[in-house]
Amino acid sequence: MVWLYEFEKDSSMKRRQFIKNASLTGVGLAVGSSALNCENQTNEKSLDENTNTVMTIDKNKFPKAICTWGFVKANAKAGEELTKGIKALDAAIAGVAVEEENIKNTTVGKGGAPDREGNVTLDACVMDSNGDCGSVLYVENITNVAALAKQVMEDTPHVILAGDGAEEFAYSQGFKKEKLLTDASKLAWKEWKKSPEYKPIINIENHDTIGMLCLDKDGDIAGACTTSGLSYKMKGRVGDSPIIGSGLFIDNEIGGAVATGMGEEVLKTVGSFLIVELMRNGMNPQQACEEAIRRIVSKNNRYKDFQIAYIAMNKAGEIGSYCIHEGFTYMLYEDGKNENVKVDFFDKA
Ligand code: SD4
């Protein structure tokens, strides 16, 4: 099925530029609040006062799943769920759960590297197509924190639960208490303690926070982001990953974005929200990711010491990604195929 949206009277150069970009790729994209609600033509026109443009979305190109890094199995799981007709949020949660449960992954879920005191604390958030979101910070003893964030969203009057409160809530919802510090992570932490220097490692082991965006058969976008945060972080430290707008943001009328890397710097620029807003204002996902990275490096001359990467997808299923340093990749599931894509980077010097 092809959706067709028509806007009238848009004098904005940016928007025209964007539309030109979209038509060059052969896929039209609607922008603007309510722009993709085909039942609501009146709102569309009121939001794009000066436009005179036709844009199309081809639902035959759905579903799609993307996730940060080379998490092949996680992305395949999400893709399979989407193909079965599972909605975007549940597919994303099922996908990231693969890494939360993978004890060999030392940056997500069980097996994650601990803080300086030896405690594994997890952060996660989810955001749904209807704009609802949930988040958990600084959670111990629970593996599937993205699923827990969804429970916060659905079964509490709040958006964020932290620490003990989140953990107690998890037990009340039937989550199991689990020891997250594995022997291997404990050993690595003990090694680190011999000369405890706190220095982030760029592209640490090439498997990092998992942020995932899913576009389901109905054309709805949702996402999840889950991490154990920076290895050997200070006790109490929380990064960008569970912060809606920084680690993850979805606007089902526009698209979504997720971040990985040095959370402190993503937080300062509210990176994922920024990308979605840039897309709303006319950029395609690639341009928006590049601009979000530019905002960081232009304000921070220490960027050579840390990595940040973004991935983004818009409602037409167009994908963008950009990072500071070479080495970042993302997974893309489309047309039943799951592939690892190398990402262009800023620091070519
Ligand atoms: C954080 N962004 O806690 C996460 C961790 C990460 O590469 O992605 N590290 O800051």
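**Loops, sheets and a ligand site**

Guide: Proline 63 is found in the loop between strand S2 (51-58) and strand S3 (64-68). Please keep in mind as we go that this is a predicted model.

Visitor: What makes the peptide bond from phenylalanine 62 to proline 63 cis?

Guide: The omega of that bond is near 0°, and this is what the word cis records here. As a background, most peptide bonds are trans.

Visitor: Which loop holds tryptophan 69, and what is its phi?

Guide: Tryptophan 69 lies in the loop between S3 and helix H3 (72-84). The phi of tryptophan 69 is positive, about 65°, although the residue is not a glycine. Most residues other than glycine have a negative phi.

Visitor: Why is the sheet of 8 strands called open, and which strands stand at the edges?

Guide: The order is S6-S5-S4-S8-S7-S3-S13-S14, with mixed pairing. Strand S6 (160-162) and strand S14 (337-342) stand at the edges with a single partner strand each, so one side of each has no neighbour in the sheet. Direction ignored, neighbouring strands of this sheet are turned by 10° against each other on average.

Visitor: How do you know that S3 and strand S7 (residues 210-215) pair?

Guide: Pairing asks for at least two bridges. S3 and S7 have 4 bridges in the antiparallel sense, so the criterion is met. Within this pair, isoleucine 66 stands opposite leucine 213 in S7. Helix H3 packs on the sheet, touching S3, S7, strand S13 (329-334) and S14, and the direction of H3 makes about 25° with that of S13.

Visitor: What is the order of the sheet of 4 strands, and how are they paired?

Guide: This open sheet runs S9-S10-S11-S12, and the pairing is antiparallel. Strand S9 (248-251) and strand S12 (319-323) are the edges; each has a single partner strand, so one side of each is left without a neighbour in the sheet. From one strand to the next, the twist averages 10°.

Visitor: How do you know that strand S11 (residues 308-314) and S12 pair?

Guide: S11 and S12 share 5 bridges in the antiparallel sense; at least two are needed, so they count as a pair. Tyrosine 310 stands opposite tyrosine 322 in S12. Helix H9 (residues 271-280) packs on this sheet, touching S9, strand S10 (255-261) and S11, with its direction at about 145° to that of S10.

Visitor: What makes the approach of the ligand to threonine 209 a polar contact?

Guide: The cut-off for a pair of N or O atoms is 3.5 Å. An oxygen atom of the ligand is 2.6 Å from an N or O atom in the side chain of threonine 209, so this pair qualifies. For the side chain of threonine 260, the distance from an N or O atom to a ligand oxygen atom is 3.0 Å. A backbone N or O atom of glycine 261 lies 2.6 Å from a nitrogen atom of the ligand. The ligand alone exposes 290 Å², and the protein buries 96% of that.

Visitor: How does the shell around the ligand divide by class?

Guide: The shell has 1 nonpolar, 8 polar and 3 charged residues. Among the surrounding residues are Leu230, Asp208, Arg237 and Asp240. Gly229 and Gly239 also surround the ligand; they fall under polar, because glycine is placed in that class.

Visitor: At what angle do helix H4 (residues 88-100) and helix H5 (residues 145-155) cross?

Guide: Their axes come within 8 Å and cross at roughly 145°. Residues making the contact include Leu89, Ile93 and Val96 of H4 and Val145, Ala146 and Met153 of H5. By class, the contact residues are 7 nonpolar, no polar and 3 charged.

Technical notes. Residues numbered from 1 in each chain as written. Predicted model: local features only at pLDDT ≥ 70, side-chain atom pairs only at ≥ 80, totals over all residues. Heavy atoms only, no water. Helix = DSSP H or I, 4+ residues; strand = E, 2+ residues; numbered from the N terminus. Axes fitted to C-alpha atoms, helices over the stretch in contact; angles between N-to-C directions. Contact = heavy atoms within 4.5 Å. Near = heavy atom within 4 Å. Polar contact = N/O pair within 3.5 Å; in protein donor to acceptor, adjacent residues only side chain to side chain. Areas by Shrake-Rupley, 256 points an atom, 1.4 Å probe, with all protein chains shown as cover.
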